[in-house]
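Please open the model in your viewer and keep the selection tool at hand, since the tour moves from a single residue pair outwards to a whole chain.

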Number of protein chains: 2
Amino acid sequence: MSKERIYLFDTTLRDGQQTPGIDFSVEDKVLIARMLDDLGIDYVEGGYPGANPTDTEFFKKKRTSKAQFVAFGMTKRAGVSASNDPGLNALLQASSDAICFVAKSWDYHVRVALGTTNEENLESIRASVEATRAASKVAMVDCEHFFDGYKANPDYALACVKAAYEAGSRWIVLCDTNGGTQPEEIRRIVSAVIASGVPGSHLGIHAHNDTGQAVANSLAAIEAGARQIQGTLNGIGERCGNANLVTIIPTLMLKPVYADQFETGISPGKLAGLKKLSHAFDELLNRAPDPQAPYVGSSAFATKAGIHASAILKDPQTYEHVPPEAVGNERKLMVSDQGGKSNFLVELRRRGIQIDKEDPRLDRLIAQVKEREAQGYSYEGADASFELLARRMLGGVPEFFKVESFRCMVERRYDARGNIKTVSEAVVKVTIDGETHMSVAEGHGPVNALDIALRKDLGKYQTEIEDMWLTDYKVRILNGGTDAVTRVLIESGDSSGDRWWTVGVSDNVIDASFQALMDAIVYKLVKNREVIRLAG
Amino acid sequence: MSKERIYLFDTTLRDGQQTPGIDFSVEDKVLIARMLDDLGIDYVEGGYPGANPTDTEFFKKKRTSKAQFVAFGMTKRAGVSASNDPGLNALLQASSDAICFVAKSWDYHVRVALGTTNEENLESIRASVEATRAASKVAMVDCEHFFDGYKANPDYALACVKAAYEAGSRWIVLCDTNGGTQPEEIRRIVSAVIASGVPGSHLGIHAHNDTGQAVANSLAAIEAGARQIQGTLNGIGERCGNANLVTIIPTLMLKPVYADQFETGISPGKLAGLKKLSHAFDELLNRAPDPQAPYVGSSAFATKAGIHASAILKDPQTYEHVPPEAVGNERKLMVSDQGGKSNFLVELRRRGIQIDKEDPRLDRLIAQVKEREAQGYSYEGADASFELLARRMLGGVPEFFKVESFRCMVERRYDARGNIKTVSEAVVKVTIDGETHMSVAEGHGPVNALDIALRKDLGKYQTEIEDMWLTDYKVRILNGGTDAVTRVLIESGDSSGDRWWTVGVSDNVIDASFQALMDAIVYKLVKNREVIRLAG
């Protein structure tokens, strides 16, 4: 039996941007659009061109290759023709494959918020959809407040859906804008829309998590016949967030009740990268991943209870609702490091480091990693530092150079003209083969000054590190107060196209940065000696 | 029409204890039991007396006054009589009102995990329930793996429920132990149990969040006829957590689809304390509350979008699915470059700042906020800095003191014994009423040293800031590289219990920290003059 296709529509870059504390730059948006495209999402909504400079810039080019690239905007204003509406024309001119219009579908809002008539609103929907099709683009309509509108005036809410459908909108998306609708209500109302003559193959669902049921509401709509789901990465979004696609995707693909009946545009191979993608997105937002997140959280397949743990070893399937590998996650038994040891062996082998399972150095390495992670180091995000730690334990890293001392200074004062002036300076003293090299540099801030000074004179190694540069720098405070422990992660790159992450931890942000900078340089020197095979 | 009663069963102290990273002491348990009892929960499950010293100690006394105090444990072992089973007898002797037995209801587990026969398992259930009733306690049975068991062998799963019911168990709780069952399956299977002759008034639901649907699964069971819900505070629990009672309670009490039909043991007055309770519980766990938590998160009623914000002012009810006050939360219109003029007016008024909509200073303030947010400032997370910016624009902040200059130094070198030593020092020069004050301090890192030096001698203001301290510090790098722009957010507190956030932005982390520290101190001085009304 052929399966029915469910279409996935991502609005991370539009509704996700409404999350308090989240502001994407154009570069962030480019990166995220690429992640979504690569995952196999059908529609990537990029923002609202014309509404702000970032989104206008972002829509100067098409930003996806496989996915349909979607611009969001309002339907044409009442009282002007489509061709005379500047907002609509900005939308039509943006580089997108499709336009998703937001339209009122609750008569109360048509009157109070738009200040127009019910018929004019229907006409705006029709004219906007037609203008989009005339521009050879795919049209979609988000019916705002659809479920509340339906409860207040079902005839008018249905008339809005029909106006969009009859004008040729590919999708009409039923939005639970307030986020307060319950799954049973979603099921009943979606069924009523389909019974009124609009086919489910043209209906989508847009759910919010205000009662913790955005995922259930999305699935209830699918069960009732809708075939498109709108959501975001990690469920970001206004108030309590949007439907979490990172939860919905594996549920559709792995739970028999859906997987037997439906298919998505996502391959099992891409599904196996889901945990990595979810964590990379959190990294980009500079926030810690939720350990209890369904499917992708570090605790999602962790077992603490002694009774369960031994049963899991007997028969994992009865205690795990899906295989953790399917989403790129792994089983964690918190009572025994048996599973841990084989993980380490796999991780070391992946880097070309062969060591026997019974080698006592392996136990020492595991103990050291555990101790350092307890201090705040995080090797999950710092591959190169982990590899250096392992190679040092196994005796494979020479002492190329030694930093005898460094000093960083930041001074802020008023200059002769009364302007504030801030200067950052660093001095570094390095010994190489018994010879001392001193370097001094100014920079934008103390860490930048230290970085420049460190790489200014490494004697005979200097030519080797000329093609290396820092590409990213992240700081996370691990507990409260200015005397808290600080973790610094640094990404470095070189002209070969390689990228590597290193980590430093200290109660002093400069010291933590120094550790990560040192690891980055040493890793580059080891790599140049072709000892290291860069991990995928 | 009289409403049907839904009973709430809290397992924070038992299943919640399975959360990775959570370990309650006896004192913690006493505190939490009191919070639950006060809230109006019907059943408080305290743990497993006999299984570990903490739980054994905790069950030496009854720990609730109104709520039934419940001990958890296994049914009697096969092959011994109830009176000869030491585990069962420890349970019977614990100071509890009720015992909740965990029982296998999947024949596969009876055979593989228990190594006994189906009939012996039924006999264990019956004998354990009867012994509990003979000891004048209320009996309950958690049917482990009930839904998976029902799918594999419905007759046997039903036989277990019936054995418990017929022996006189007050509640039989259907457990989705793996957490993978979907709401529609829950609904179908609970209905089948009721159709088999066990009344819904004796059935409970125990759901896990492995597909993000623990709340929806719990409510689906209620809709199918079950009348007891098991869950935890803030949804803590093994793997992805248990059903979140903090989400379920307001949904049952405030959403008409449930509230018209059901009632709980919780009063509207206690519901209004829910946000406070949820945050107090996070405080006890030493973790930051989730800003996006349904109902109780600080963002749950926050609006960033300008178009929505002006509509909310016209008619809050159409944009808020429940009144925020009902759960002790509040409406928030975020000040951000997406916000419109009406956001600003509301936010200023909330701080006691009256300004006319047509006042040109309002436009200048909005322009300044937009310009600074484009530079990287984020005022939605830094209330106090926003308020200072507004008050400065409107002429309300005196120049208490002036920092003429500061200098921070970090030095790392080897001491005489060859140990690495890192020292951070800061020097600050401040002018107050024409008089210069110089202070120097060492700290854990340059920011800590600067903080200590800044607050060391503020002359005539010194006594005013003695009761002030920093409670949190966050660093965010806004784009890549060590020369990137850095945003620092600082939370401060004082002995009155107030908390306030300030922000600084610079390409220099020290400079950004300095700005945020300065705002924090100035805000405290302004606040002391009672000019400021602290928000929420």
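Begin by selecting A:Arg407 in this predicted model, and then add B:Glu411, which is the bridge partner of A:Arg407 in strand E13 of chain B.

Now widen the selection to the strands around that pair: strand E13 of chain A, which covers residues 402-414, runs antiparallel to E13 of chain B, and the two are joined over 9 bridges.

From here, select the residues through which the two chains touch, a contact to which chain A and chain B each bring 91 residues. On the side of chain B, strand E13 (residues 402-414) gives the largest share, with 11 residues. If you colour that side of chain B by residue class, you should find 34 nonpolar residues, 33 polar residues and 24 charged residues.

Next, hide chain B and select residues 6-272 of chain A, the range that an unreviewed UniProt entry lists as "domain: Pyruvate carboxyltransferase". Shown as a cartoon, this stretch is 43% helix and 17% strand, and the C-alpha atoms at its two ends lie 19 Å apart.

Finally, display the whole of chain A, in which the secondary structure amounts to 19 helices and 18 strands. The C-alpha trace of chain A extends over about 85 × 75 × 40 Å along its principal axes, and of the 536 residues in chain A, 49% are buried. Among the contacts in chain A with a separation of 6 or more, 66% link residues that are 24 or more positions apart.

Technical notes. Residues are numbered from 1 along each chain as its sequence is written. Chains are lettered from A and ligands numbered from 1 in the order in which they are written. This is a predicted model: local features need pLDDT of at least 70, side-chain atom pairs count only at pLDDT 80 or more; totals for chains, interfaces and linings use all residues. UniProt positions are given in the numbering used here, feature names are shortened, and annotations may be inferred rather than shown by experiment. Helices (H or I, at least four residues) and strands (E, at least two) are DSSP runs, numbered from the N terminus. A residue is buried if 20 or more other C-beta atoms lie within 10 Å of its own, exposed if 12 or fewer, and partly exposed in between; C-beta atoms are placed from the backbone. Two residues are in contact if their C-beta atoms, placed from the backbone, lie within 7 Å. Ala, Val, Leu, Ile, Met, Phe, Trp, Tyr, Cys and Pro count as nonpolar, Asp, Glu, Lys and Arg as charged, and the others, Gly among them, as polar. Two strands pair if DSSP finds at least two bridges between them.
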